[in-house]
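Here are a few short exercises to work through with the coordinates open beside you. Try each task first, then compare your route with the solution.

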Amino acid sequence: MSTEWNYLQLGELCSKVTYGFTTPMPTSQGKDDPYLVTAKDIKDGKINYATARRTTWDAFKTLLTDKSRPNKGDVLLTKDGSIGRLAICDRDDICINQSVALLQMNGKAKSEFIKYLLESPHYQRKMEGDSDGTTIKHIYITRVDKMKVPFPPYKEQKAIAHILGTLDEKIELNKKHNQIIEDIAKTLFKSWFIDFDPVTAKAEGRSTGLPNEISDLFPDSFEDSEIGEIPSNWKIKSLDEIATYLNGLALQKYPSKGDSSDLPVIKIAQLRKGDSNNSDKCSSDIEEKYIIRDGDILFSWSGSLLVDIWTGGIGALNQHLFKVNSDIYKKWFIFHWTKFHLQEFQRIAKSKATTLGHIQRKNLSEAKIIVPPKDLMREINAIFDTLLKREINARLESKFLFQLRDTILPKLISGEISIPDAEKMIEEVGV
């Protein structure tokens, strides 16, 4: 920690350190009613209102005290379960329960600075170490209140919060941008390959709304097939005809060597969260085909059935995961068709009379897809290839920004790097 900054107990920077209500609250379906925020609703540095329930205004005003009704700008800290997650209260119509601590600043410290301070690895480890409980972790607010924290001048607090906030804003912008790209690709795929909108439009004598060079390549009629009507001259294939579904290895048979050559083991949990942080390690002495790299399609066929484009860095393919690729068809094509059949695969897995539901290879053979003629496929490839590359690049940029933020945060908080140096770092990467 910086020797130039004073240190105070966190409680000395707060006018209030408390936690929310402990008694049950009525719930409401009203769209304008107040939110009930619990620990599960605080994630990724903000309040997730999509998961938060609501209560009635009457209960909000009559059953609660001010300690359960944070004001805009108050710091919220999860104290039960997944302790140490933080958010800044950004509205006046929320209340918190006992799983959330409320830190109200007294004017000496900037709320955003305190949030970033407590998100730094040093204080995350401290809160974890100070917590009690085995099944469900919790930390007493008296311990939070007494934590010694650095207290730089308010101007420096503001600068630190601005630097880290700028990175967070860029990450959030990337996330929204990426979602737009995903939505466009999903909508186009459904329109062209599932609903056959351009073919229907041409069959009815309407405009497709597409450029002529693409519209002209869509047929204007349908034909009968084993899966119903499909566009004329399109082919039916199975998933395992268009791609190879490579099952992973039992990587416990390839134990870690304990050196830098080891690879992180990519299991279902890593696929779900999109990175290999804190994963098991294994030896790199495995066949090249079992090594995962950014841009690979991964499909978990057992347990939690998921399919996604991996952008979590190099790793080793564990059993219960398929790496999906093709020498003939483009990545976007096999990704969207696998994703299209995912819901049916999940239904099949759920119906299994075992503790761990799964699909079998025959289910890949039974999953039908349709392939347009080569000239149309060539035009479609150009569009979907561009969308997928933009999506992967946006994810990778966000990953880099996360790493940069996680590198800068503890160094700024500790005073290890100066504010001008940090500003120069983010300027150099174009943020």
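A disulfide is a pair of cysteine sulfur atoms within 2.5 Å. Keep in mind that this is a predicted model.

**Exercise 1: cysteines**

Count the disulfides under this rule, and find out why C89 is in none.

*Solution.*
Step 1. Look for the cysteine sulfur closest to that of C89: it belongs to C95, and the separation is 11 Å.
Step 2. Compare this with the cut-off of 2.5 Å. The sulfur of C95 is too far away for a bond to C89.
Step 3. Turn to C95: its nearest cysteine sulfur is that of C89, 11 Å away, and C95 is in no disulfide.
Step 4. The count by this rule is zero disulfides.
Step 5. Now check the accessibility. C89 has a relative accessibility of 2% and so counts as buried, and C95, with a relative accessible area of 0%, is buried as well.

**Exercise 2: a sheet and its helix**

Work out the strand order of the sheet that contains strand 15, and find the helix that packs on this sheet.

*Solution.*
Step 1. Follow the pairing: four strands give the order 15-22-19-20, in an open sheet with antiparallel pairing.
Step 2. Pick out the edges, strand 15 (244-247) and strand 20 (306-309), each of which pairs on one side only.
Step 3. Ignoring direction, neighbouring strands are turned against each other by 25° on average.
Step 4. Zoom in on one pair. Strand 19 (residues 297-300) and strand 22 (residues 321-325) are joined antiparallel over four bridges, and F299 stands opposite F322 in strand 22.
Step 5. Add the helix: helix 10 (residues 331-340) packs on the sheet and touches strand 15, strand 19, strand 20 and strand 22. The direction of helix 10 makes about 160° with that of strand 20.

**Exercise 3: a proline in a loop**

Decide whether P372 is buried or exposed, and list what P372 touches.

*Solution.*
Step 1. Locate P372 in the loop between strand 23 (368-371) and helix 13 (374-414).
Step 2. The relative accessible area of P372 is 5%, so P372 is buried.
Step 3. Leaving out residues up to four places away in sequence, P372 touches F193, W234, M377 and I380.
Step 4. P219 is 153 residues from P372 along the chain, yet their C-alpha atoms are separated by 9.7 Å.

**Exercise 4: two helices**

Classify the packing of helix 13 and helix 14.

*Solution.*
Step 1. Helix 13 packs with helix 14 (residues 419-428) at about 175°, with the axes 11 Å apart.
Step 2. Helix 13 is therefore roughly antiparallel to helix 14.
Step 3. Helix 13 contributes L404, I408 and L412 to the contact, and helix 14 contributes I419, A422, M425 and I426.
Step 4. Sorted by type, these residues are seven nonpolar, no polar and no charged.

Technical notes: Residues numbered from 1 in each chain as written. Predicted model: local features only at pLDDT ≥ 70, side-chain atom pairs only at ≥ 80, totals over all residues. Heavy atoms only, no water. Pairing = 2+ DSSP bridges. Axes fitted to C-alpha atoms, helices over the stretch in contact; angles between N-to-C directions. Contact = heavy atoms within 4.5 Å. Buried < 20%, exposed > 50% of the residue type's maximum accessible area, 1.4 Å probe, protein only. Parallel < 35°, antiparallel > 145°, perpendicular 65-115°, else oblique. Nonpolar A, V, L, I, M, F, W, Y, C, P; charged D, E, K, R; others polar.
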